[in-house]
Structure formats: C-alpha cells, structure tokens
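Please work through the following exercises with the sequence and the model open side by side. Each task is followed by a solution that goes step by step.

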Amino acid sequence: RVAGQVEKMDLTSTSSRRFIEGPLSKWTNVVNGWQYRWFVLDQSAGLLSYYTSKDKMKRGSRRGCLRLRRAIVGIDDEDDSTFTIRVDSRIYHFQAHDREERQKWVQELEACIKKLHQSVHVPTAKKLDLAHPEVNVRSTFSLRQRIAESEGYYQLLQEQVQTISQALNSSEEAFHIKNTSKLMLEALKQCIELLQKSSVSDSEDPLSGSSSSVPVAQCAAAEEGWDRVRPKREFEGEEEEEEEEEDSISEASSDEFFDADAELEYPMSPTVVTSPSLSVPVPEGDPPDVEEEQDLVEEDDTSGGVAANKSVIMHMLSQVRLGMDLTKIVLPTFILEKRSLLQMYAEFFSHPDLFASIGDNQNPKERMIAIVRYFLSAFHASRKGTIAKKPYNPILGETFSCYWDLPNGKRNPPDDETKELLESGPVPLASYDSIAFTAEQVSHHPPVSGFYAECLSKRMFVNASFWTKSRFLGLSLAVNFIGKVSLTLMDYGEEYTVNLPNAYARSILTVPWMEMGGKCVISCVQTGYSANVDFHSKPFYGGKKHRVTADIFDGSDKKPFMKIEGEWNGTMYVKHSNGDQELFFDTLTTPTIRKKTLKVSVQEPTESTRLWQDVTRALLKKDVESATAAKHKLEQKQREDAKERLEKGMEWKQKLFHAEGNDWIYNLPLSKRLAKLKEKEKDSTE
C-alpha cells in the first residue's frame, strides 16, 4: 500500500535517544494527494520527522516535522491501514503498509505522547520572554498558520492557471494572459519564500530549545496548505520519483472549483439589489386565519459571519474530504438562512402572474417562450442576499403550504363543482385564481423534498421532487438538485419537464457568495419544442458573475429560433441575428408577489414556519447560541423518533406524496380530482 514499498519499521536506540523509522504515505493536499515519505520518530525529543526518501534521510535533507506535544492519535475506521494525528487543531493523515504496521506506529506514537505529558520540562530563559511566555508560542504558531494557508492557496492557483493556459489559443491576448499569470505566480512564490526565511529566526521551539534546518512553514505542515482534509484515496501505489517536487502542477479535476473574487470581496460589504414585492388584496378580503408572509431580509453583514467564525469553519472542514457528501455534516448555525428549504422552493413561484399566463398563449411556440420566461424569473427571488447562506434542512415529515393571489383575480369559485375541487386541493383557503403550493420532506436519508403547485382557473399544475446532494470542493461548496419538475397544461394535453441548475457557495473562508451553474433542458414531447438554458459559473480570469444564456428550438429545426442572454438575477435580453436586442425579462424592476399562509398560531405542528420559529426568532435577534440550542432540539427529536420507529419495526408514512419509481408524486393532483369529479357526476346521472 505504501508506494509499493516492502520496508518495515526499524527500531534504533542509543544511551540517550530512541528512534523509530520506516515508510508511510502521507496526505499532502488536494493537488498532490498521497505521497510516499520516510518517517523518523524521535521519542526523546517528541518529534516526528519525514523525508522524501530513505536516502534523503541519510543525507539529512528533511522535508518537514510534527511536534507531538499535545498531539492526539486516531484510527481511521474507513481503512485498516490509515491513522491520523491531530496537532494544534490540525489533522494529518497517514497510511501504513497494513493493519499490523499501523498498530506498531500507533503504539509507538501514543507511548511517545504519553511520555511527553508525564515529563515536566522547564524551558530555558535564553530565547523566552519571561514576562509574556505565551507570546513565544502563539506568535510563531500564528505565522506558521498563515504561511501554510498561503502555500495551499498558491498550489491551487498554480493548477488553475495551468488549466487556463492549456485552454487558451495562440492569439496575442492569450500570450499576454499567460505571461501575466506566470509573472504573478513568480511574485507570489517569492513572497512566500521571503515569509519562510523571515520566520526561520523565530522557528526555535521555546519548549525544546531546538531549531529546524527547514523553513517553519514546512515543519508545520506546509504541504497541507489549508486543505488539510482527506479526500477519497487516489493513491495508486506507484513509487514517487526521488527528485520529484511536491509542488508540481497536476491536471485539474472537473470537480475542482476556485474562488475568482475571494481576495476582492473579503473587505467589501455587498449591497443587495432586489425587486420590489407587492401585496395583492382581493375584493372579498382574506380569510381571518390568513396572513401575508413577510420577507425576512438576509443582512449582508460580514462581522458575525464566516470571517468572525473562521475557526468554526476550519473545524468543520477538518471533518470532510474532497467530493464528500455533506448531508451528515452538522453545519454551524450562523450560516443559516431564516427559512426552510421547503420555503425556498416556494419562492420559485414569486412571479405567479408569469406562471398563470403560460396557458393564455394559443400556439405551442409562444407557450414555450412563456415557460422559458417564467423559468428564468424563478431563481432571483429565492436568494435573499448576496452572501451565500444555507436554508434549514427540513426534518422528515415537515410540510409547507401557501398561495399567491393574482392581480384582478377572482376569490370565489364560479360554481359548486369548482368549489369542491378547490376545497380538496393543496390549500383549501386559496382562491379560484390563486397559485396554491404545498411541499413535504418525504425522505431524510437521502434528503428528498416533494412540492406541488396548481392554478385551478387555468387548469395547470406542477409536480416536482428533488434529492439535494451537497459536496465539498476545496474552496467551495456545491449543491446538486437531483430530480425534475413537470408542468402539465391540461387544456392542451402537454407536459413540460425541466431539471434545476446546481448551486455553489464560493469563497467559503472569506465572504461566501452564491452562484448557479449547469445546463438545464426544458422539453415537451407533445409539441417537440425544447430549450437549453445554461447557467454560467464565473471563470477564473475575467468574466461576469451570474450569466445565463438560453436557446429555444422548434423540434424540426436544429438552429434555435430565439437566443437569450443576460444575468439570472438581473436583466435578460433576446439577441436577434442582426445584432439588435430587446428586453426579455428584468428581475430588478418586475415586482414579486407576496405569498399568503395560515397564521402561525393555527398552523399544523409540522409546518415549516411554526416548526422553525424558535430558530428564526433567535437568528433575528442575532442570538446564535439560542438558535443553535433550538436547532439541536429539533434534530434530537427527529433522531429519537427515528430510533423509536426502528425499535418498533415501523415504516415512515408520507402524508402528501407517494413514490413512483425515482419520483415522488402528489397524491391528489388536479387531474386526479377532476377525474374523480367526472366519475361522481357520471354515477349521479345513471
């Protein structure tokens, strides 16, 4: 396992010192992965040194070292040959040849650490500030930390620059980009080397009085950078060439993302530009138990967010590895939005007038254009601020229901049959022209949400279910929405399907910002019309944020008859072949319409607003401690309920949706209720 080596641990002793040496693989960073190293454990000094090879060890060319005072050794349950060492809140990962070899290393390391704890070492006064002894350790450790972080960022930057250079053509502009990038990397490397050299004089360990011949950053795990998390093993067992440099550039992974604006956005306080929201009164008035849901604005205040809680974020990142699903990772409360994911899905209908007007178009071409317009309008309202935050994870069985009244819409149904359809629908208190919405968390592992919406007066409805998969990408987090949305226009016998783009939180160590990325396809089998919608993530060099383009096709033509481009949270235009453009949709000036819900006091206990009200109330007061306690209480109740069902052999029963293959279907869609009503009428006439 260890680079194809067969060397074993070796014990050597002198009258005063005891050494353990042998090969191990060490996880370096997300760029280089596992690397073969030759390790030497000096039990007397409490020092674990490593070298790129045994020959380098004999020549005294040390690559780095770990000081084991206050270290903790752990066993990795995922593999019988790996183990970890935690030092100063950092975790280092190692891989032995087999289980037996790992056990020997672990025993020797633990014995060394135990000996260090038991010994009382009095430091000499030569290099110490006796008046402020803590300064001698903390200042050096802080500098080591910063240099290590800088090297981690530098390695990732190297990789991205190489990837971009390979993709560029041979134009003069491309030449300048490559040359500028090269000069930038050289300047950064010189800066890091200067920092390393300036720290050498402070690198003597005040507790042991010894100094290293290598730069402090290397001794403090410079290879790791900040990405000290262990991804899935990519080690193939090939022995590393002795002279190979660890900071060599590797091919970029398609899952490797970057933070183009991290250094620019950190000191800034972004402003939120949102479209106005409207209240839609109805002549008959709202029912007494109904109220408009007020928008809980997410303040773009960086003082209490990630920057102020970086230690918490770093601790969280120490639990994950590249590409890891974050579903089971408990995220800190301060990065949460003040709403549930089910409530976020409801925001897709914040322009209910656009949704309801789809069926007003008499030909399939215009209907497809109207669907694309509605689809492109659906995302900006779901983002309450420029800083990326995460909605609450819905608990199993959580529900959310609401509706939107349309301008000039009719409150009362025209006849008793329609009234019966309305009362058996997802939101009985909704009006005849309303868009009624309901959602349910139908599964916890994996986390699957189902939602349904309908407009009774237009005889149209939407059914959707999505499994959210969160992944750690190094400097970013990604959320994949796995599933589809189906829109049915009953008057035309048409069904349209579409997937959702991925969401990304960038710059997670500074001021996180959100963007969408990925390709969505809208298609209708009955008409043959389709549309390709591309949400473009920001490129590393230049480019704009939040770009979106769309091509709309007639099924018989491979060339799009309409091309759209712009920003999904800004303005979008139709691009004509002659170069002219016309406005397609403007999210900044088109008002959204506020949704209406039951008052919290009369909601079901499983309704999102009522369920999370204590967490939301605490977050509004910026009381993170109380919010965390309230969140933990909900999660603990969910765990206890799951344990009880398991002990009693009970299966969870969904309330509103049922499974059909990989999809979750609403139990009583408009089409089924209409069919039942017709069957009832038929029986009454016979």
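**Exercise 1: a pair of helices**

In this predicted model, the axes of helix α11 (residues 416–423) and helix α15 (residues 670–685) come within 10 Å and cross at roughly 140°. Classify the arrangement of α11 and α15, give the handedness of their crossing, and describe the residues that meet there.

Solution. Two packed helices are described by the angle between their axes and the distance between those axes. An angle has to be over 145 degrees to count as roughly antiparallel, and the crossing here is at roughly 140°, so α11 is oblique to α15. The crossing of these two helices is right-handed. On the α11 side the contact is made by Glu417, Glu420 and Leu421, which meet Arg673, Leu674, Leu677, Lys680 and Glu681 of α15. Sorted by class, the contact of α11 with α15 has three nonpolar and five charged residues, and no polar ones.

**Exercise 2: a proline after α11**

Locate Pro428, decide whether Pro428 is buried, partly exposed or exposed, and list its contacts beyond four places in sequence.

Solution. Pro428 sits in the loop between α11 and β14 (435–443). Its relative accessibility is 46%, and because the partly exposed class runs between 20% and 50%, Pro428 counts as partly exposed. Leaving out residues up to four places away in sequence, Pro428 touches Leu422 and Glu423. The C-alpha atoms of Pro428 and Tyr403 are 9.9 Å apart, with the two residues separated by 25 positions along the chain.

**Exercise 3: backbone details in three loops**

Which peptide bond is cis, that of His445 and Pro446, and what do the phi values of His546 and Lys622 show?

Solution. Begin with the bond joining His445 and Pro446, which is cis with omega about 0°; Pro446 belongs to the loop between β14 and β15 (448–455). Next, His546 has a positive phi of about 65° although it is not a glycine, and its place is the loop between β21 (530–536) and β22 (547–553). With a relative accessibility of 15%, which is under 20%, His546 counts as buried. Finally, Lys622, likewise a residue other than glycine, has a positive phi near 60° and is found in the loop between α13 (613–620) and α14 (624–648). Lys622 is exposed, since its relative accessible area is 56%.

**Exercise 4: the whole protein**

What share of the residues is buried?

Solution. Of the 686 residues in the protein, 50% are buried, and the protein contains 15 helices and 29 strands.

Terms used: Residues are numbered from 1 along each chain as its sequence is written. This is a predicted model: local features need pLDDT of at least 70, side-chain atom pairs count only at pLDDT 80 or more; totals for chains, interfaces and linings use all residues. Side-chain values use heavy atoms; hydrogens and water are left out. Helices (H or I, at least four residues) and strands (E, at least two) are DSSP runs, numbered from the N terminus. Buried means under 20% relative accessible area, exposed over 50%, partly exposed in between (1.4 Å probe, protein chains only). Axes are lines fitted to C-alpha atoms, for helices over the stretch in contact, and angles run from 0 to 180 degrees between N-to-C directions. Angles under 35 degrees count as roughly parallel, over 145 as roughly antiparallel, 65 to 115 as roughly perpendicular and the rest as oblique. A crossing is left-handed if the near helix is turned anticlockwise from the far one by less than a right angle, and right-handed if clockwise. Contact means heavy atoms within 4.5 Å. Ala, Val, Leu, Ile, Met, Phe, Trp, Tyr, Cys and Pro count as nonpolar, Asp, Glu, Lys and Arg as charged, and the others, Gly among them, as polar.
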